[in-house]
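Here is a walk through one protein model, from a helix in its middle stretch out to its salt bridges and surface. Keep the structure in view while reading.

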Amino acid sequence: AKAEELINALDLDNITSRMAAADQLADRIGKDAIEPLKTLLTDATSPRKYIHILWVLHRLDGLNEEMLKQSLAHTSPMVRLHALRILRERKANQEAYHLQIQKALQDIDPHVQRAAIELLMDHREMSSVEATLSMLQTAPAHDTHLIYTSQLALRNLLRDNQLMKQVVAKEWSAEDAGFIASTLVDVASDDAAIFLSRYLESNSM
């Protein structure tokens with residue numbers, strides 16, 4: 001099939017056919033597919049087709065910073081979710097998307113929020129710890145996936161020794177200190193032990 005036919009197939013109802021078309025575009029058509037795909041990254045394109053285009057462009061190294069930022073602000077939560085997943089895979093130069101990640105933490109869609117929390121694991125700084133704690137404070141009790149992802153992100157952040165030293169030196173609210181303490185049972189470091197020891201002097205687990 002020609003490139004145009006394959007691009008049209010990205011909007012078929014059958015996901016197997018869509019995935020096959022995406023593979024053909026990335027593996028057979030290759031770089032020649034980049035320009036026609038880029039022109040379709042608009043609101044006029046259906047979300048499911050838009051998502052396939054994003055991934056094909058990512059595979060072809062044809063997705064630039066502007067296009068990814070545009071996708072992170074898309075009206076469709078599914079597009080925003082996949083844009084965050086692509087950002088997680090890219091790893092390099094994630095600092096350029098710091099504002100978009102922070103905004104995604106406040107997204108109305110919990111799937112987008114979880115993807116943003118996962119990205120915080122790669123940003124080992126105090127603002128990431130604070131953002132994760134804020135998510136634990138506000139996450140609905142029924143959303144166990146969001147709570148677990150936030151706990152996992154907090155644990156991974158606190159496994160960074162320099163960041164853990166900063167956490168020990170900072171004053172925390174009772175609620176935040178409780179979240180941190182409950183995570184530190186899975187963090188093996190001297191500073192984690194210091195924080196936990198201090199917490200247990202006046203609190204119980």
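Start with helix α10. Its buried residues pack against α8, α9 (126-138), α11 (161-169) and α12 (174-184). The model is a predicted one. The buried residues of α10 are Leu146, Thr149, Ser150, Ala153, Leu154, Arg155, Asn156, Leu157 and Leu158. The helix covers residues 144-158, which makes 15 residues. At 1.5 Å a residue they should span 21 Å, and the end C-alpha atoms are 21 Å apart, so the expected and modelled spans agree.

One of the residues that touch Leu146 is glutamine 113. Glutamine 113 sits in helix α8. Is glutamine 113 buried or exposed? Its relative accessibility is 14%, so it counts as buried; the cut-off for buried is under 20%. Leaving out residues up to four places away in sequence, glutamine 113 touches Ala104, Leu105, Gln106, Asp107, Met135 and Leu146.

Now step back to the whole fold. The protein has 13 helices and zero strands. Read from the N terminus, every element in the run is therefore an α: α-α-α-α-α-α-α-α-α-α-α-α-α. The C-alpha trace spans about 70 × 30 × 25 Å along its principal axes. Of the 205 residues, 46% count as buried. Among contacts with a separation of 6 or more, 59% join residues 24 or more positions apart.

Turn next to helix α6, residues 77-90. Its 14 residues should span 20 Å at 1.5 Å a residue; the end C-alpha atoms are 20 Å apart, which agrees. Which residues of α6 are buried? They are Val79, Arg80, Leu81, His82, Ala83, Leu84, Ile86 and Leu87. The cover over them includes α4 (47-59), α5 (65-72), α7 (98-104) and α8 (110-120). Helix α8 thus appears twice, since it helps cover the buried residues of α6 and is also packed against by those of α10, contact being heavy atoms within 4.5 Å. After α6 comes lysine 91, with a positive phi near 60 degrees.

Arg80, listed above among the buried residues of α6, has a charged partner. Arginine 80 forms a salt bridge with aspartate 107, and the closest N and O atoms are 2.8 Å apart. Arginine 80 lies in helix α6 and aspartate 107 in the loop between α7 and α8, so the pair ties together parts that are 27 residues apart in sequence. Both arginine 80 and aspartate 107 are buried. Asp107 is also one of the residues that glutamine 113 touches.

The structure holds 14 salt bridges. Another of them joins the side chains of aspartate 23 and arginine 59, at 2.8 Å from N to O. Aspartate 23 lies in helix α2 and arginine 59 in helix α4, so this pair ties together parts that are 36 residues apart in sequence. Aspartate 23 has a relative accessible area of 32% and is therefore partly exposed. Arginine 59 is partly exposed too, with a relative accessible area of 41%.

Stay with aspartate 23 for a moment. Its helix, α2, runs over residues 15-29. Setting aside neighbours within four places in sequence, aspartate 23 is in contact with Arg28 and Arg59. Aspartate 23 and leucine 6 are 17 residues apart in sequence; their C-alpha atoms are 9.5 Å apart in space.

Farther along the chain, the side chains of arginine 159 and aspartate 186 meet in a salt bridge (3.3 Å, N to O). Arginine 159 lies in the loop between α10 and α11, and aspartate 186 in the loop between α12 and α13, so the pair ties together parts that are 27 residues apart in sequence. Arginine 159 is partly exposed, with a relative accessible area of 42%. Aspartate 186 is partly exposed as well, at 38%. Salt bridges with shared partners also join Asp11, Asp13 and Arg48 into one network.

Finish at the surface. The protein exposes about 10800 Å², and carbon and sulfur atoms supply 51% of that area. Val185, Leu200 and Met205 make a nonpolar surface patch of about 320 Å². Leucine 200 belongs to helix α13, residues 190-200. Its relative accessibility is 42%, so leucine 200 counts as partly exposed.

Conventions:
Residues numbered from 1 in each chain as written. Predicted model: local features only at pLDDT ≥ 70, side-chain atom pairs only at ≥ 80, totals over all residues. Heavy atoms only, no water. Patch = residues over 30% accessible without salt bridge, like charges linked within 9 Å, V, L, I, M, F, W, Y side chains within 5 Å. Areas by Shrake-Rupley, 256 points an atom, 1.4 Å probe, with all protein chains shown as cover. Salt bridge = Lys/Arg side-chain N within 4 Å of Asp/Glu carboxyl O. Helix = DSSP H or I, 4+ residues; strand = E, 2+ residues; numbered from the N terminus. Buried < 20%, exposed > 50% of the residue type's maximum accessible area, 1.4 Å probe, protein only. Expected span 1.5 Å × (residues − 1).
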